[in-house]
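Q: I am new to this structure and would like a close look at one part of it, the pairing of charged side chains. Please take me through it slowly, and then set it beside the nonpolar interior.

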Amino acid sequence: MRVTRYRAGHGLAGPDWVLAVGRFDGVHLGHREVLGKLCAAAAQKGATAVVALRKGDPALITLTSLRQTLSLLAAAGVDQVMLLPRNDPRSASAVAQGLGVGTVLDGDAPERDETARSLQGVDLDREPVTSARLRALVATGDLDGARRGLGRWHAVDGRVVHGFHRGTPLGIPTANLRMRGIVLPPDGVYAVHAAVGPVRLRGVANIGFNPTFGNAVRTVETHLLDFDGDLYGRRLQVAFVRCLRGEQRFPTVEALLVQIHRDVAAARALLDDVDG
């Protein structure tokens, strides 16, 4: 998939194109309905399937990072993505005017108005799927509801950074992510699916401040099951499957370690059942 910056007056790749414009935050089932129509229309015309991607205010919390969004758009069959300037107010037709002759589908519709009902054809509990609704489900801990709207488990992606190096001496090494701008479930301990490139893993993740040690920074710390390797500097994706317990403060490190082993056993059993 080709990724470029939008420049009015510069044509698109290919002799013809079909365009959808939107933020596509989460690339949820409603978005994928739009993208399916986009790719089908492009294939029928022998044209290029193009998304003009809106980038919102950096202070806004999103379901997916730009990297994740681009990966999901590529997986949906999009041929080219043009990155619009941040907070670009133009409508889909206005964006298209600068690109020559083509066909426009409005990818913003599922987020904006009642045309979503006919364009999406995707409901969640009798209400249209929207990114705002899915962000609220994740933030309140309804991971299964979010999964049904996303078509997958809600996941975060980031580069593994150095943490406090407490886990390895305890026999529970963790891969640490410091997430900014991505919606997270409530603080607590979660059974997770994980991935490092093509390698699929399972694990237990703690979201929060680790009150036993009184951390000042909220992190996602993941202990990967049946894995032994150095991940510093590599990208890790963590998908939240089920909350095992809320975050809590333990009176001693020994008491925390006992609970961690219980969490690992619980996560292993739960994921065996989910993946079974």
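A: A salt bridge is counted here when a side-chain nitrogen of Lys or Arg lies within 4 Å of a carboxyl oxygen of Asp or Glu. In this predicted model, Asp263 meets that condition with Arg245, their closest N and O atoms being 2.8 Å apart. Asp263 belongs to helix α8 (residues 253-275) while Arg245 belongs to strand β13 (residues 235-246), so the salt bridge ties together parts that stand 18 residues apart in sequence. Buried means under 20% relative accessible area, and both Asp263 and Arg245 are buried.

This pair is part of a wider set, for the structure holds 10 salt bridges. Side chains of opposite charge can pair when their charged atoms come close.

Another of these pairs joins the side chains of Arg218 and Asp187, with 2.7 Å from N to O. This pair links distant parts of the chain, since Arg218 sits in the loop between β11 (199-208) and β12 (219-224), whereas Asp187 sits in the loop between β9 (175-177) and β10 (188-196), 31 residues apart. Arg218 is partly exposed at 31% relative accessibility, and Asp187 is likewise partly exposed, with a relative accessible area of 28%.

A further salt bridge lies within a single helix: the side chains of Asp144 and Arg147 meet at 2.8 Å, N to O, and both residues lie in helix α7 (residues 143-150), three residues apart, or about one turn of the helix. Asp144 is partly exposed, with a relative accessible area of 38%, and Arg147 is also partly exposed, at 28%. These two residues do not stand alone, as Asp144, Arg147 and Arg148 are linked in a network of salt bridges.

The nonpolar interior can now be set beside these charged pairs. The largest nonpolar core has 21 residues, and those with the most contacts inside it are Val156, Leu177, Val220, Leu236, Val238 and Phe240. The elements giving two or more residues to this core are β9, β10, β11, β12 and β13, and β10 gives the most, with four residues. Strand β13 is thus a meeting point of the two themes, because Arg245 of the buried pair lies in β13 and β13 also contributes to this core.

Leaving aside residues up to four places away in sequence, Val156 touches a list of residues that includes Gln68, Leu177, Met179, Leu236 and Phe240. Apart from this core lies another, of 18 residues, among them Val18, Cys39, Val51 and Val81.

Technical notes:
Residues are numbered from 1 along each chain as its sequence is written. This is a predicted model: local features need pLDDT of at least 70, side-chain atom pairs count only at pLDDT 80 or more; totals for chains, interfaces and linings use all residues. Side-chain values use heavy atoms; hydrogens and water are left out. Buried means under 20% relative accessible area, exposed over 50%, partly exposed in between (1.4 Å probe, protein chains only). A nonpolar core is a set of buried Ala, Val, Leu, Ile, Met, Phe, Trp, Tyr and Cys residues joined through side-chain atoms within 4.5 Å. Contact means heavy atoms within 4.5 Å.
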